Amino acid sequence: MTGGFATDLTAYRTALREYLSGDELGDWRSRHYSTTEERIAHHALLMGELYHGGWNRYGWPVEAGGLGGDERHRAVLYDELAAAGLPVPTPHLLLETLGPPTIRFAPALAAEYLPNYLRGGEWWGQGFSEPEAGSDLASLRCRARRDGDNYILDGQKIWTSHGATATRLVCLVRTGSPESRHRGLSMIMVDADTPGVSRRPISLASGANELAEIFFDNVVVPASRLIGEEGQGWAVAMYLLQYERAMYAWLSAAEASRRLRELCAQIGSEVEEGRRLPGDALARIGDCHAQLVALRARSAATVRKLAAGETVGPEASVDKVLLATAEIALYDLSRDLLGPDFLFAPTGAADEWRGEWWYSRSATILGGSAEIQRTILADHVLGLPKEAAR
Ligand SMILES: Cc1cc2nc3c(=O)[nH]c(=O)nc-3n(C[C@H](O)[C@H](O)[C@H](O)COP(=O)(O)OP(=O)(O)OC[C@H]3O[C@@H](n4cnc5c(N)ncnc54)[C@H](O)[C@@H]3O)c2cc1C
């Protein structure tokens, strides 16, 4: 592995593509999992393979276990994995969201834990939402009270992706007064096995335990686990949001493109055997492809901004809206083209399509609902006049 890849993106892409074209990672191609836990654990092993070869270390700073480079290296990795018919390892989703703020605001924690994350030895969950605080995140109530060198956490989080198996939880908590809203928040990292933390998996409609409720009961967390200063939580969350909107959209677009190709390959072979498709099938496939191309074009510009060290502001809500629309179109297409197989086939492949279809129903909710994204665009990008109070 040459260190030159950190500065030569084309050489990195070429070498990575060659590596992925081999058979070493065959175990992760076209593999179906019966549970979320099984998928995450197996994908973590894929991270170990990629780490061993250095491939997923590009794009991350050396101090955090990386080999240098920037966001574009990570974008190339996701692209090339998808092009090679391989999944983007599931733990990379939250690594993209939680890694950058940890590196920026808590470099010591990043140095201690991110190398293990990159090699698949652990993964983290994002504890922001609460039963009464989703869209209105600044109203959250999970409390962290300072006690000497520690904080004592009490409260609840909900909808924590991968929360049931995560090693660590990056939580937005209230350190100020109950009325302090966004000014009284702090970000803190909690080891999920700390006494007083309990987790209850939430089954999705598909049956997958993708999310969890997390309860904190007198949980002692060292103050050294703060990400940023006390009271700086909202600024850290806004920094994080750039990655949640930008890198998550790119990564998801890469995955969606792979799934569209797989759908077309499956349908194509059925057509060769004489199956007739619905009359609008080709137009819908084309529309879906066009949506993904538009998303990628938009998302590439956002990733370039991040790589250049520019701040990605409210305009990233465009990426989020495009992603949600494209994902819903893709999985509705799979439902309609796979026909009865989508509903009834007892195979792992059909199960995966069904699970993804169910999950895509949440595309307009997770990470900030579509209504909220459109409001951000109306208020902060387009500068439209506020709605008159009725
Ligand atoms: C699959 C999935 C994964 C998730 N993963 C995580 C995670 O890892 N970590 C985490 O912290 N959270 C996670 N979430 C939670 C997610 O961020 C919230 O569901 C989301 O922010 C919406 O909050 P809510 O569910 O409380 O809905 P609410 O905020 O109660 O909203 C309900 C409805 O009202 C609308 N609404 C609310 N306020 C307004 C407004 N001001 N103007 C117009 N419409 C409005 C919303 O658009 C929505 O349609 C996840 C959610 C899902 C579905």
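Is serine 203 buried, exposed or partly exposed? At 48% relative accessibility, serine 203 counts as partly exposed. Keep in mind as we go that this is a predicted model.

Okay, let's stay with that residue for a moment. Serine 203 sits in the loop that runs between strand E6, residues 197-202, and strand E7, residues 211-222. What does serine 203 touch, if we skip residues up to four places away in sequence? The answer is Ala208 and Asn209. With asparagine 209 there is also a polar contact, side chain to side chain, at 2.9 Å. And if you want a sense of distance, take alanine 83, which is 120 residues from serine 203 along the chain: the two C-alpha atoms are 31 Å apart.

Follow the chain from that loop into strand E7 and you get to asparagine 218. Its backbone is worth a look. Asparagine 218 isn't a glycine, yet its phi is positive, about 55°. As for exposure, asparagine 218 is partly exposed, with a relative accessible area of 45%.

There's another residue with that kind of backbone angle, arginine 181. Here phi is about 45°, so again positive in a residue that is not a glycine, and the relative accessible area of 36% makes arginine 181 partly exposed. You'll find arginine 181 in the loop between strand E4, residues 168-174, and strand E5, residues 185-191.

Right, on to the inside. How many residues does the largest nonpolar core have? It has 85, and the ones with the most contacts inside it are Leu153, Ile188, Val190, Phe216 and Ile227. Helix H6, residues 233-272, gives the largest share of this core, with 10 residues. Let me pick out isoleucine 227. Not counting residues up to four places away in sequence, isoleucine 227 touches a list of residues including Pro101, Phe105, Leu109, Val170, Ile188 and Val236. Apart from that core lies another one, of 22 residues, among them Leu263, Leu292, Leu333 and Trp353.

Now the helices. Start with helix H7, residues 281-307, and in it leucine 295. Leucine 295 has 0% relative accessibility, so it counts as buried. Which residues does leucine 295 contact, leaving aside neighbours within four places in sequence? They are Ala249, Ala253, Asp319, Leu322 and Leu323. Take leucine 322 from that list: leucine 295 and leucine 322 are 27 residues apart in sequence, and their C-alpha atoms are 5.8 Å apart in space.

Aspartate 319 was on that list too, and that one belongs to helix H8, residues 316-338. Is aspartate 319 buried or exposed? Buried: its relative accessible area is 0%, and the cut-off for buried is under 20%. With near sequence neighbours set aside, that is, those within four places, aspartate 319 is in contact with Arg245, Ala249, Leu295, Arg298, Ser299 and Thr302.

Between H7 and H8 there's a loop, and that's where glycine 313 is. Glycine 313 is partly exposed, with a relative accessible area of 25%. Its C-alpha atom is 9.0 Å from that of leucine 241, although the two are 72 residues apart along the chain.

One more helix: H4, residues 91-105, which holds histidine 92. This is a buried residue, at 0% relative accessibility. The side chain of histidine 92 makes a polar contact of 3.4 Å with the side chain of asparagine 56. Leaving aside neighbours within four places in sequence, histidine 92 is in contact with Asn56 and also with Met47, Leu77, Tyr78 and Leu251.

Last stop, the ligand. How many residues surround it? There are 17, and the closest are Gln126, Ser135, Trp159, Ser369 and Glu371. By class, that shell has 7 nonpolar, 9 polar and 1 charged residues. Let's go through some distances. A backbone N or O atom of glutamine 126 is 2.7 Å from a nitrogen atom of the ligand. For serine 161 the side chain is involved, with an N or O atom 2.8 Å from a ligand nitrogen. Glutamate 371 has a polar side-chain atom 2.6 Å from an oxygen atom of the ligand. And how much of the ligand does the protein bury? Taken alone, the ligand exposes 980 Å², and the protein buries 64% of that.

That's my tour, thanks for listening.

Notes. Residues are numbered from 1 along each chain as its sequence is written. This is a predicted model: local features need pLDDT of at least 70, side-chain atom pairs count only at pLDDT 80 or more; totals for chains, interfaces and linings use all residues. Side-chain values use heavy atoms; hydrogens and water are left out. A nonpolar core is a set of buried Ala, Val, Leu, Ile, Met, Phe, Trp, Tyr and Cys residues joined through side-chain atoms within 4.5 Å. Buried means under 20% relative accessible area, exposed over 50%, partly exposed in between (1.4 Å probe, protein chains only). Helices (H or I, at least four residues) and strands (E, at least two) are DSSP runs, numbered from the N terminus. Contact means heavy atoms within 4.5 Å. A residue is near a molecule or strand if one of its heavy atoms lies within 4 Å of it. A polar contact is a pair of N or O atoms within 3.5 Å; within protein, one must be able to donate a hydrogen and the other to accept it, and residues adjacent in sequence count only if both atoms are side-chain atoms. Accessible areas come from the Shrake-Rupley method with a 1.4 Å probe; for residues, only the protein chains shown count as cover. Ala, Val, Leu, Ile, Met, Phe, Trp, Tyr, Cys and Pro count as nonpolar, Asp, Glu, Lys and Arg as charged, and the others, Gly among them, as polar.
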